[in-house]
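Colleague: I have a few questions about how the terms are used for this model. Can we go through them?

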Amino acid sequence: MRPIYFDYNATTPVLPPVRAAVLPYLGEQFGNPSSGHAWGVAPKRAVAIAREQVGRLVGVGAGQVVFTSCATESINTVLKGLLGQRAGKSLVITAVEHPATLAAAAFLQEQGVRVTRVPVDGEGVVDPAAVIDACGGNTALVSVMLANNETGALQPVAEIAAALGDRGIPVHCDASQAVGKIPVDMRQLGVQYLTLAGHKLYAPKGVGALVLSPGQNLTPLLHGGGQEHGLRAGTENVALVAGLGAACALASADLEVEGERQRGLGLRLLQGLERLGADYRLHSAGVPRLPQTLFIGFRGLAAGDLLSGLVGHDVAVSGGAACHGAETTLSHVLEAMGTPAEYARGTLRFSWGRGTTGEDVDQVVERLGRVLGSLG
Ligand code: PLP
């Protein structure tokens, strides 16, 4: 049976042109971009080009891009850079942020930072007014993701940032799941900090970026040789940075067309589920979502059983709930949405991408049909 990968929100394959952009810097172009001699020239140029390519994809200039090792690092840099050693200050986040944000916030809370986790509605979306109300005179940062990694639901980041801009409260947006899938313009979003992750958009793992609006500053996590405008010391990972740049350039080239194609694949998947007569609920069905994510709860079933059934049919997806003996732990996102247990327990995340064809979707439906048949 041909294996089918439907877990692009976990990570994406490295596209061949991206790999080609990486390889020279693992070979003869091994120099340090900070070196003043000949070996430094090509690596320095590669980093500069990548900085422009990343900036272009999110609508800003190269000077605003700081390369990091991953989204987790970017998020930690912003949260700890603005709130570390600042007991008594406050941080506002949503209840459905990625663990990178939740755990960094919990760490800061232990140090005396006040953390407010704003709840979401049944669709997994935060009310902008609730975020704005949660902010007070001591609020040093608001952090809201753009697209949720489980549901794909888009959060009203621009509305939040517009309201807080007048009050001088900076906003960080974790756009790791959005960049490369939908148009993301940092200026239109109006946020001061934006995080993106290479391996969610066909670049290798181990590289990400933090994008800052002009005039922003923060205390770096890493002190050292002053690289990355002094915000992230350490010799640049030239190969992976070049890969991230190439991936951003590819995304910029056909973002909307490819997004529509992938949205069409989602419709095809849902039509397939209808044909199967599956009893399911599409989470966040009524709100704007990523074009290539469906978070689906199968009534009365357990995600673990569905996952192992699909593994047995060579289909890779993710689950929204985990079983520990008789206990089921729902993802914090489903918990926050208050999803009824009969649908929440049997939730799977289907996420696809550039490599996915209509035939893949049909195969997934067919194999899922067999799994549902064996469990029903
Ligand atoms: N933020 C979001 C929304 C994510 O989906 C992820 C990864 O799944 C991250 C942050 C963390 O990314 P990384 O593990 O690459 O640092």
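Modeller: Start with a definition. A helix here is a DSSP run of H or I with at least four residues, numbered from the N terminus. A residue is near a molecule if one of its heavy atoms lies within 4 Å of it. The model itself is predicted.

Colleague: What makes up the largest share of the shell around the ligand?

Modeller: Helix H3, residues 71-83, gives three residues, the largest share. The residues around the ligand include Ala 71, Thr 72 and Ile 75.

Colleague: How do you know that Asp 174 makes a polar contact with the ligand?

Modeller: The cut-off for a pair of N or O atoms is 3.5 Å. A side-chain N or O atom of Asp 174 is 2.6 Å from a ligand nitrogen, so the pair counts as a polar contact. His 199 has a polar side-chain atom 2.8 Å from an oxygen atom of the ligand. For Ser 176, a polar side-chain atom lies 3.5 Å from a ligand nitrogen. Alone, the ligand exposes 390 Å², and the protein buries 86% of that.

Colleague: Where does the ligand sit?

Modeller: In the largest pocket. By class, its shell has four nonpolar, six polar and two charged residues.

Colleague: Why is Ser 35 called partly exposed?

Modeller: Its relative accessible area is 25%. Buried means under 20% and exposed means over 50%. The value for Ser 35 falls in between, so the residue is partly exposed. Ser 35 is in the loop between helix H1 (16-22) and helix H2 (38-57).

How values were computed: Residues numbered from 1 in each chain as written. Predicted model: local features only at pLDDT ≥ 70, side-chain atom pairs only at ≥ 80, totals over all residues. Heavy atoms only, no water. Polar contact = N/O pair within 3.5 Å; in protein donor to acceptor, adjacent residues only side chain to side chain. Areas by Shrake-Rupley, 256 points an atom, 1.4 Å probe, with all protein chains shown as cover. 1 Å grid on protein atoms, 1.4 Å probe; cavity = no way out; pocket = protein on both sides within 12 Å on 5 of 7 lines; lining within 4 Å. Sits in = over half its atoms within 2 Å of the grid points. Helix = DSSP H or I, 4+ residues; strand = E, 2+ residues; numbered from the N terminus. Nonpolar A, V, L, I, M, F, W, Y, C, P; charged D, E, K, R; others polar. Buried < 20%, exposed > 50% of the residue type's maximum accessible area, 1.4 Å probe, protein only.
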